[in-house]
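Before the coordinates go into further work, here are some notes on how the chains are put together, written as numbered points to be read beside the structure.

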Amino acid sequence: MQNRTNRRYTRREFLRNLSLTAAAGASLPLLSSCSKEETEDFLQKHFQEMTPEDKKRVIAKLEERYLQKYGRKFQISTQEAVPDTLWAYGLELSRCIGCRRCVYACVKENNHSRRDPQLQWIRVLRLRRGNLINLENSEHYYNPDLVPEKGFIYLPVQCQQCQEPPCVKVCPVHATWQEPDGIVVVDYNWCIGCRYCIAACPYKGRVFNWAEPNIPKEEINPSVHYLGNRPRMKCAVEKCTFCIQRVRQGRYPACVEACPTGTRKFGNLLDPNSEMRYIIDRKRVFRLKEDLGTEPKFYYFFEA
Amino acid sequence: MKVFHAAVTSLFLLFFFASSPLAVVEEYTPPPMTEGMYPCSNCHASMELNRKKRVLKEEHTDIKLHHAETMRWCLDCHDAGNRDKLRLYNGELIKFTESYRLCGECHGPQYRDWRAGIHGKRTGYFTGSGKRTYFLCAHCHDPHEPSFKPLKPEPSPHRPKENHDAKSN
């Protein structure tokens, strides 16, 4: 904390730091054993409570750290939700061939740990044709020479961006919340790694960094969002954010662009001209596990 | 004031059309064609017209017609007079970049969905001034053999056990 003396303190910060110092005093052995980096992170505010100056400082800190770690200059965005947007996703089951191009486009775009731990936000389930509701008998380790296979259909599952997200309800520290444009995000720094959200999610939409992530330096994507695809750390929970760094700029998510069959659709539910509204108006849509009342914004549909 | 009004209106119109899925298409990637083939008239201009359905032995041997082949032949879609154009049912000649109109003559529902961005694929920016790319029917479906070809899938995720094995190595 002594390193911050060159900037002015507000009264509120002074009081906050005073109480923190008192608390730290009680746990002095704990904090003093931390590196400067860890202490900084420990004292960092919740993202929603940060002032614009706080955000700037945190971004500068992160950019420097990423530069050291990955040797690349990052652009870390904290862009807020665009007014009058509620993002939704469409996936046409009669077209998906289960080729997993989306999975690896996501891995690359969103800076996933490639190996040990291997983390993926999209899971493509394979189901026997005519057995769609029977998710328990699905298989996501299928590995044939060619897809699609006869007699099977493929059901990609990722975070469904529920409007009533159970994962947000159970988080004991409010490290995950729903943004005004409907995207459920995680403040990776605030997450304590309790994994209650993983237990609460009925879609297996969240994954956990059991170890320090491994991203090859040459494959890093330096264009990131603070609440999205910035490199995560050990003990943080992560999930699909509909490519928050892209969609807030009006760009299609990476999985939509990667799909070779045009299975994946994306749009704004509040815009009557959007692709999603066209689908909901004219196609037969359903959502996964609707009976749970989670109100997913991920619509599966098929040719009527 | 009037100028201001006009400016606002045109701005509004611009936004309205930019956000509409049926708006004028911003960019098509060029249609996929065999290298060195186009323009077709390079060869065909000096050739005699033969409308007979037959096996092609000298040129275009790579083309396998599997597209309602019992009732169709080359010149149903390619124009006999101008080989660099496609021909609609009503006799109108269109460019290869507009081939979707020809496809839409039979595949109405798909054409309608494609225009709305549902059938097929778009990439880039869906709103705003960024570049957006629309793919043509022929990018995914070979017009002579339109069914989608099977692909090799990307590797499956590691099973939890494999993750542990990777750790111990």
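1. A convenient place to enter this predicted model is a single strand pairing in chain A, where A:Phe286 has A:Tyr300 of S12(A) as its bridge partner. That pair belongs to the ladder between S11(A) and S12(A), two strands that run antiparallel and are joined by three bridges. A:Tyr300 also serves as the bridge partner of A:Leu91 in S12(A), which leads from this ladder to the next strand.

2. The ladder between S2(A) and S12(A) is parallel and consists of four bridges; besides the pair of A:Leu91 with A:Tyr300, one can follow A:Tyr89, whose bridge partner in S12(A) is A:Phe298. As for the surroundings of S12(A), four of its five residues are buried, so this strand is largely enclosed by the rest of the structure.

3. On the other ladder of S2(A), which spans residues 87-92 of chain A, the pairing with S10(A) is antiparallel and extends over five bridges. Two of the residue pairs may be checked directly: A:Trp87 has A:Asn268 of S10(A) as its bridge partner, and A:Leu91 has A:Arg264 of S10(A). A:Leu91 thus has a bridge partner in S10(A) as well as one in S12(A).

4. Taken together, these strands make an open sheet of four in chain A, with the order S10-S2-S12-S11 and mixed pairing. Its edges are strand S10 (264-268) and strand S11 (284-286) of chain A, each of which pairs on one side only. On average, and with direction ignored, neighbouring strands of the sheet are turned by 30° against each other. H10(A) packs on this sheet and touches S2, S10, S11 and strand S12 (298-302) of chain A, while its direction makes about 105° with that of S10(A).

5. Is S2(A) mostly covered or mostly uncovered? The strand is mostly covered, since six of its six residues count as buried when the cut-off is 20 or more other C-beta atoms within 10 Å. The residues A:Trp87, A:Tyr89 and A:Leu91 point one way from S2(A), whereas A:Ala88, A:Gly90 and A:Glu92 point the other way, and all of them are buried.

6. A loop residue beside this strand also deserves a look: A:Thr263 lies in the loop between helix H9 (254-258) and S10 of chain A. With 23 C-beta neighbours inside 10 Å, A:Thr263 counts as buried. Although A:Thr263 and A:Leu91 are 172 residues apart in sequence, their C-alpha atoms are 5.6 Å apart in space. Once its neighbours within four places in sequence are left aside, A:Thr263 is in contact with A:Leu91, A:Glu92, A:Arg95 and A:Cys96.

7. At the level of domains, the assignment for chain A gives domain 1 (1-43), domain 2 (87-162 + 245-302) and domain 3 (166-216 + 229-239). The C-alpha centres of domain 2 and domain 3 of chain A lie 20 Å apart, and their contact takes 23 residues from domain 2 and 21 residues from domain 3. The side of domain 2 of chain A that touches domain 3 is made up, by class, of eight nonpolar, eight polar and seven charged residues.

8. Between the chains, the contact takes 35 residues from chain A and 31 residues from chain B. On the side of chain A that touches chain B, the elements that give two or more residues are helix H5 (101-109) and helix H10 (275-282) of chain A; the latter is the helix that packs on the sheet described above. The residues of this side of chain A divide into 16 nonpolar, nine polar and 10 charged.

9. A last point concerns chain B, in which helix H3 (residues 99-106) and helix H4 (residues 108-115) pack at an angle of about 135°, with their axes 6 Å apart. H3(B) and H4(B) are therefore oblique to each other. Their contact is made by B:Tyr100, B:Cys103 and B:Gly104 of H3(B) together with B:Gly108, B:Tyr111 and B:Trp114 of H4(B). By class, the contact of H3(B) with H4(B) has four nonpolar and two polar residues, and no charged ones.

Technical notes: Residues are numbered from 1 along each chain as its sequence is written. Chains are lettered from A and ligands numbered from 1 in the order in which they are written. This is a predicted model: local features need pLDDT of at least 70, side-chain atom pairs count only at pLDDT 80 or more; totals for chains, interfaces and linings use all residues. Two residues are in contact if their C-beta atoms, placed from the backbone, lie within 7 Å. Ala, Val, Leu, Ile, Met, Phe, Trp, Tyr, Cys and Pro count as nonpolar, Asp, Glu, Lys and Arg as charged, and the others, Gly among them, as polar. Two strands pair if DSSP finds at least two bridges between them. Axes are lines fitted to C-alpha atoms, for helices over the stretch in contact, and angles run from 0 to 180 degrees between N-to-C directions. Domain bounds come from an automatic or database domain assignment. Angles under 35 degrees count as roughly parallel, over 145 as roughly antiparallel, 65 to 115 as roughly perpendicular and the rest as oblique. A residue is buried if 20 or more other C-beta atoms lie within 10 Å of its own, exposed if 12 or fewer, and partly exposed in between; C-beta atoms are placed from the backbone.
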